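Subject: The structure, and what I found in it

Hi,

Here is the structure I said I'd send over. Have a look at it first, and then read on for my notes.

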Amino acid sequence: MRSAVLDDDIARVLISEEDLRRRTRELGLQISRDYQGKDLHLICVLKGGVTFLVDLMREICIPHSIDFMATSSYGDATETSGVVRILKDLDIPIAGRNVLIVDDIIDSGLTIAYLRRILLERQPASLRICTLLNKKERRVVDVPLDYIGFDIPNEFVVGYGMDFRELYRNLRFVGVLKPELYRS
């Protein structure tokens, strides 16, 4: 059963459930090929990245481990404050491991650049970034993205793990939130 209230808040579907599934499968196969025979360790950026991580790791057909980090740079706002705080750090050391950061969306680049810098200080064998969504036109900091699900326009999106005030994460698609809901 779908929530009519949540669906009514969506201006339009940007990426369908079927397109998400197809692209995640493609990324999983590419990552599996690229890391064949290597020690792959996925680090998910919480909370928004968890839905993507779960689907992606099921499509990766080589052994891998996972860990989680949680950051805050938005709070309840729709614009980043530019100040990144780590709310949850890794449980497993990454020195000498091939690390792939899995994130839901890269927009300004501030958070992922910060995470990349602190993780590189921990001396992984390699460090790459996989993002479901890439909002290039919002980029403030240039960050190398190795795997991109979709390039999207500068619109406020929710669903498939992404939220606005902790709502909409459960939508099976990526949708554009009606502007009157977040501009009020």
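In what order do the six strands of the open sheet come? Going across, the order is β4-β3-β2-β5-β6-β7, and the pairing is mixed. Keep in mind as you read that this is a predicted model.

**The sheet**

The edge positions belong to β4 (85-88) and β7 (147-151); each has a single partner strand, so one side of each has no neighbour in the sheet. From one strand to the next, the twist averages 30°.

Two of the pairings are worth a look. Strand β3 covers residues 64-72 and runs antiparallel to β4, with three bridges joining them. If you want to find that pairing on screen, look for Thr 71, which stands opposite Ile 86 in β4. β5 and β6, on the other hand, run parallel and are joined by eight bridges. Val 102 has Cys 130 in β6 as its bridge partner. As a reminder, strands in a sheet pair through backbone hydrogen bonds, and they can do that either parallel or antiparallel.

β6 is also well covered: seven of its nine residues are buried, so the rest of the structure largely encloses this strand.

**Two helices**

Helix α3 (residues 50-59) packs on the sheet, where it touches β2 (40-46), β3, β5 (98-106) and β6 (126-134). The direction of α3 makes about 155° with that of β2. Which residues of α3 are buried? They are Phe 52, Leu 53 and Leu 56. Looking down the axis of α3, you'll see these buried residues within an arc of 100°, so they line one face of the helix. Their cover includes helix α2 (17-34) as well as β2, β3, β5 and β6.

Helix α4 (residues 110-120) has Thr 111, Ile 112, Leu 115, Ile 118 and Leu 119 buried. The arc here is 130° seen down the axis of α4, so these buried residues line one face of their helix too. They pack against β2, β3, β4, β5 and β6.

**The cysteines**

How many disulfides does the structure hold? Zero. Cys 61 is in none, and the nearest cysteine sulfur, belonging to Cys 130, is 15 Å away. Cys 61 is exposed, at a relative accessible area of 61%.

Why is there no bond from Cys 130 to Cys 44? The sulfur of Cys 44 is the closest cysteine sulfur to that of Cys 130, but at 10 Å it is too far for a bond; a pair counts as a disulfide if the two sulfur atoms are within 2.5 Å. Is Cys 130 buried or exposed? Cys 130 is buried, with a relative accessible area of 0%.

**A buried aspartate**

The last thing I'd point you to is Asp 67, in strand β3. This residue is buried, with a relative accessible area of 2%. What lies close to its side chain? The backbone nitrogen of Asp 91 is 2.7 Å from one of the polar atoms of the Asp 67 side chain. Leaving aside residues up to four places away in sequence, Asp 67 touches His 41, Leu 42, Ile 43, Cys 44, Lys 88, Leu 90, Asp 91 and Ile 92. So you'll meet Cys 44 again here, among the residues in contact with Asp 67.

Cheers

Terms used: Residues numbered from 1 in each chain as written. Predicted model: local features only at pLDDT ≥ 70, side-chain atom pairs only at ≥ 80, totals over all residues. Heavy atoms only, no water. Pairing = 2+ DSSP bridges. Helix = DSSP H or I, 4+ residues; strand = E, 2+ residues; numbered from the N terminus. Axes fitted to C-alpha atoms, helices over the stretch in contact; angles between N-to-C directions. Contact = heavy atoms within 4.5 Å. Buried < 20%, exposed > 50% of the residue type's maximum accessible area, 1.4 Å probe, protein only. Arc of directions from axis to C-beta. Polar contact = N/O pair within 3.5 Å; in protein donor to acceptor, adjacent residues only side chain to side chain.
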